[in-house]
Amino acid sequence: SGAQVRYGKPGFEVFLEDGRLWVFASGSEGLKSFLKTGEPAKSVTRVGAGPDGKTVKSDDNATLDAYLSAR
C-alpha cells in the first residue's frame with residue numbers, strides 16, 4: 001500500500017485509514033486479526049505521535065513504542 005511505502009519501517013506493516021496509521025509487527029496475531037476483520041480485538045491510540053503528526057494505532061503499546069523508535 002502507499003502507506004507501507006511512505007510510513008513503513010522494517011519489521012512492521014502499516015495501513016492508512018481515515019488519516020490514521022494502523023501499525024502492526026509483521027506476522028503478528030494483531031495483524032492477522034486486522035486483515036481478517038478490519039480491526040484488532042483491542043487497540044491503543046496515540047494522537048499526533050506518528051510521522052507527519054499522524055495519529056497511530058496498534059494492538060499494543062510495545063508495538064507502537066517499537067515502531068515510533070525505529071528508523
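Reader: How many salt bridges does a search of the whole structure find?
Author: Keep in mind that this is a predicted model. Side chains of opposite charge can pair when their charged atoms come close. To count here, a side-chain nitrogen of Lys or Arg has to sit within 4 Å of a carboxyl oxygen of Asp or Glu. Searching the whole structure that way, the number of salt bridges is 3.

Reader: Let's take them one by one. Which side chain meets Asp52 in a salt bridge?
Author: Asp52 sits in the loop between S3 and S4. Its salt bridge measures 2.9 Å from N to O, and the side chain on the other end is Arg6.

Reader: How many residues apart in sequence are the parts that this Asp52 and Arg6 pair ties together?
Author: The salt bridge joins the side chains of Asp52 and Arg6. Asp52 is in the loop between strand S3 (44-46) and strand S4 (56-58), while Arg6 belongs to helix H1 (residues 2-7), so the pair links parts of the chain whose separation in sequence is 46 residues.

Reader: Is Asp52 buried or exposed?
Author: Exposed takes over 50% relative accessible area. Asp52 comes out at 57%, so it passes that mark. Its partner Arg6 gets the same label, as both residues are exposed. For Asp52, then, the word is exposed.

Reader: What is the phi of Asp52, roughly?
Author: Asp52 is not a glycine, yet its phi is positive. The value is about 60°.

Reader: Where else does a residue other than glycine have a positive phi, near 55°?
Author: Look at the loop between S1 and strand S2 (20-25). The residue there is exposed, with a relative accessible area of 68%. Its phi is near 55°, and it is Asp18.

Reader: Back to the salt bridges. Which helix holds both Lys32 and Glu29?
Author: The side chains of Lys32 and Glu29 meet in a salt bridge of 3.3 Å, N to O. The two are 3 residues apart, about one turn of the helix, and that helix is H2 (residues 29-37).

Reader: Is Glu29 buried or exposed?
Author: Its partner Lys32 has a relative accessible area of 46%, so Lys32 is partly exposed. Glu29 is at 59%, and the cut-off for exposed is over 50%. That makes Glu29 exposed.

Reader: Which residue meets Arg46 in a salt bridge?
Author: This pair has an N to O distance of 2.8 Å, and the side chain that meets Arg46 is Asp65. Arg46 lies in strand S3 and its partner in helix H3 (residues 61-69), so the pair ties together parts 19 residues apart in sequence. Arg46 is partly exposed at 23% relative accessibility. At 42%, partly exposed too, is the partner you asked for, Asp65.

Reader: What about Lys57: which side chain of opposite charge is nearest?
Author: Lys57 lies in strand S4. Although buried, Lys57 has no salt bridge. Not counting residues up to four places away in sequence, Lys57 touches several residues, among them Trp22, Val44 and Leu64. The nearest side chain of opposite charge is 5.3 Å away, and it is Glu39.

Reader: And what is the relative accessibility of Ser58?
Author: Ser58 is in strand S4 as well. Contacts of Ser58, leaving out residues up to four places away, include Trp22, Ser43 and Thr63. Ser58 counts as buried, with a relative accessibility of 0%.

Reader: How far apart are the C-alpha atoms of Gly8 and Val23?
Author: Gly8 is in the loop between H1 and strand S1 (12-17). Gly8 is partly exposed, at 28% relative accessible area. Along the chain, Gly8 and Val23 are 15 residues apart, but their C-alpha atoms are separated by 8.8 Å.

Reader: Zooming out, what pattern does the protein follow along the sequence?
Author: The secondary structure comes to 3 helices and 4 strands. Read along the sequence, the pattern is α-β-β-α-β-β-α.

Reader: What radius of gyration does the protein have?
Author: The C-alpha trace spans about 25 × 25 × 20 Å along its principal axes. For 71 residues, a compact globule would have a radius of gyration near 11 Å. The protein agrees with that, at 11 Å.

Definitions and conventions:
Residues numbered from 1 in each chain as written. Predicted model: local features only at pLDDT ≥ 70, side-chain atom pairs only at ≥ 80, totals over all residues. Heavy atoms only, no water. Buried < 20%, exposed > 50% of the residue type's maximum accessible area, 1.4 Å probe, protein only. Rg over C-alpha atoms; globule rule 2.2 N^0.38 Å. Lys, Arg positive; Asp, Glu negative; His and termini not counted. Contact = heavy atoms within 4.5 Å.
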